Amino acid sequence: MGIVNASQELVPSRYALRLGEMDVLVISDGVLPLPTSTMATNVAPADLAIWLDDNFLPQEAYDWPLNVMVVRTGDQTILIDAGLGAQFSGFPRAGQFPQRLEAAGIALESVTDVIITHMHMDHVGGLLVDEMKKRLRPDVRIHVSRTEVEFWTSPDFSNTVMPKPVPGVLRTTATSFYNEYRDRLQIFEDKYEVAPGVVVRLTGGHTPGHSVVDLTSDGERLTFAGDAMFPVGFDHPEWQNGFEHDPEESTRVRIGLFQELAENGGLLVAAHLPFPSVGRVAVDGDAFRWVPIFWDY
């Protein structure tokens, strides 16, 4: 084995696929070390411990994957979410998206549209990095739901179970994002076609304005589900996550999306499924099963 250049990554950080006439690229922004207790806040710790053990995961902390996506179709280059950014010292292994986008041969200046699934810091923080702010084109269109923007003017954390510092950082990051980009926001109500076959739609749940993105081209389908589901959700869709602002609604949204994907056979990509997070959903009794695609080399 030869010597690996220090600038080369030893793990894959991007995965490209063709969806009909669209080019789709999933990029890892890195991982977020978080306590496993946030994965299931409405079940006995012993039940969560069994699931973690069954999945060969540590009991105390879990490296949550963080994925973003780029879609190129026609003359548009569309970024879906923007990762964590570099301003959060507690998450040193995330915030990798900008350089990984460049390494994939996509210049920041080429991005015409940004879709924000929701305004949590690990989805908008990347847009606050100086490099991003300087290089994004001045006419870039940033699509976010009206409900989401309004929610973050006075956010409610009463139903969340987050590590103590997180709510304050979420507030300040969402405010910074809005103040930085308010003149470039393209605010939609319930559904908006960003490009032919690229539709963002409001789901609510995880945050009141949380949205997903549906891609359709030549009969092929892919849904970027944002934070609507986490790995534990397939086996236990009723288990609630500590970062959900409305846990009951999140459960309904999650199950509805699983059922929809199982029925239509479309691909799923989500922000916090293991990279590259490209797979399908199958019904498995009263729960569901994630079926990862075979990588195409």
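## Exercises on a predicted protein chain

Buried residues, meaning those under 20% relative accessible area with a 1.4 Å probe and protein chains only (over 50% is exposed, in between partly exposed), make up 55% of the 297 residues in the protein chain. The model is predicted, so to speak of local features requires pLDDT of at least 70 and side-chain atom pairs count only at pLDDT 80 or more, while totals for chains, interfaces and linings use all residues. Residues are numbered from 1 along each chain as its sequence is written, and side-chain values use heavy atoms, with hydrogens and water left out.

### Exercise 1. The chain as a whole

Compare the radius of gyration of the protein chain with the value for a compact globule, and describe the fold in terms of its elements and contacts.

Step 1. The radius of gyration is taken over C-alpha atoms, and the globule rule is 2.2 Å times the number of residues to the power 0.38. For 297 residues a compact globule would come near 19 Å, and the 18 Å of the protein chain agrees with this. Taken along the principal axes, the C-alpha atoms fill a box of roughly 50 × 50 × 45 Å.

Step 2. Helices (H or I, at least four residues) and strands (E, at least two) are DSSP runs numbered from the N terminus, and the chain has 8 helices and 14 strands.

Step 3. With contact defined as heavy atoms within 4.5 Å, residues 24 or more positions apart account for 70% of the contacts with a separation of 6 or more.

Step 4. The accessible surface, from the Shrake-Rupley method with a 1.4 Å probe and, for residues, with only the protein chains shown as cover, comes to about 13300 Å², of which 50% belongs to carbon and sulfur atoms.

### Exercise 2. The largest pocket and Arg100

Determine which residues line the largest pocket, and place Arg100 in its surroundings.

Step 1. On a 1 Å grid over the protein atoms alone, a cavity is a set of points where a 1.4 Å probe fits but cannot get out, whereas a pocket is an open set with protein on both sides within 12 Å along at least five of seven lines; lining residues have an atom within 4 Å of a point. Grid points are joined across faces, edges and corners, and a volume is the space filled by probe spheres set on the points.

Step 2. The largest pocket has a volume of about 160 Å³, and its lining consists of Val11, Pro12, Ser13, Ser28, Gly30, Val31, Pro65, Leu66, Asn67, Arg100 and Phe275. Strand E2 (22-35) and strand E3 (61-73) are the elements that give two or more residues to this lining.

Step 3. Counting Ala, Val, Leu, Ile, Met, Phe, Trp, Tyr, Cys and Pro as nonpolar, Asp, Glu, Lys and Arg as charged, and the others, Gly among them, as polar, the lining of the largest pocket has 6 nonpolar, 4 polar and 1 charged residues.

Step 4. Arg100 belongs to helix H2 (residues 97-103) and is buried, with a relative accessible area of 9%. Residues up to four places away in sequence not being counted, Arg100 touches Glu9, Ser13, Ile27, Ser28, Asp29 and Gly30.

### Exercise 3. Enclosed space

Describe the largest cavity and the second largest cavity by volume and lining.

Step 1. The count comes to 3 cavities of 30 Å³ or more. The largest cavity has a volume of about 180 Å³, and of its 15 lining residues the closest to its centre are Leu32, Leu34, Asp122, Phe243 and His272.

Step 2. At least two lining residues each come from E2, helix H3 (121-124) and helix H6 (166-181), and the lining divides into 10 nonpolar, 3 polar and 2 charged residues.

Step 3. The second largest cavity holds about 50 Å³ of space; Met39, Phe230, Val232, Gly233, Trp239, Asn241, Glu244 and Arg254 line this cavity, divided into 4 nonpolar, 2 polar and 2 charged.

### Exercise 4. Backbone exceptions

Locate the cis peptide bond, and state whether Phe56 is buried or exposed.

Step 1. Most residues other than glycine have a negative phi, and most peptide bonds are trans.

Step 2. A cis peptide bond, with omega about 5 degrees, joins Phe275 and Pro276; Pro276 lies in the loop between strand E12 (267-269) and strand E13 (279-284).

Step 3. Ser277, in the loop between E12 and E13, has a positive phi near 60 degrees and counts as buried at 0% relative accessibility.

Step 4. Phe56, in the loop between helix H1 (45-54) and E3, has a positive phi of about 55 degrees, and at 77% relative accessibility Phe56 counts as exposed.
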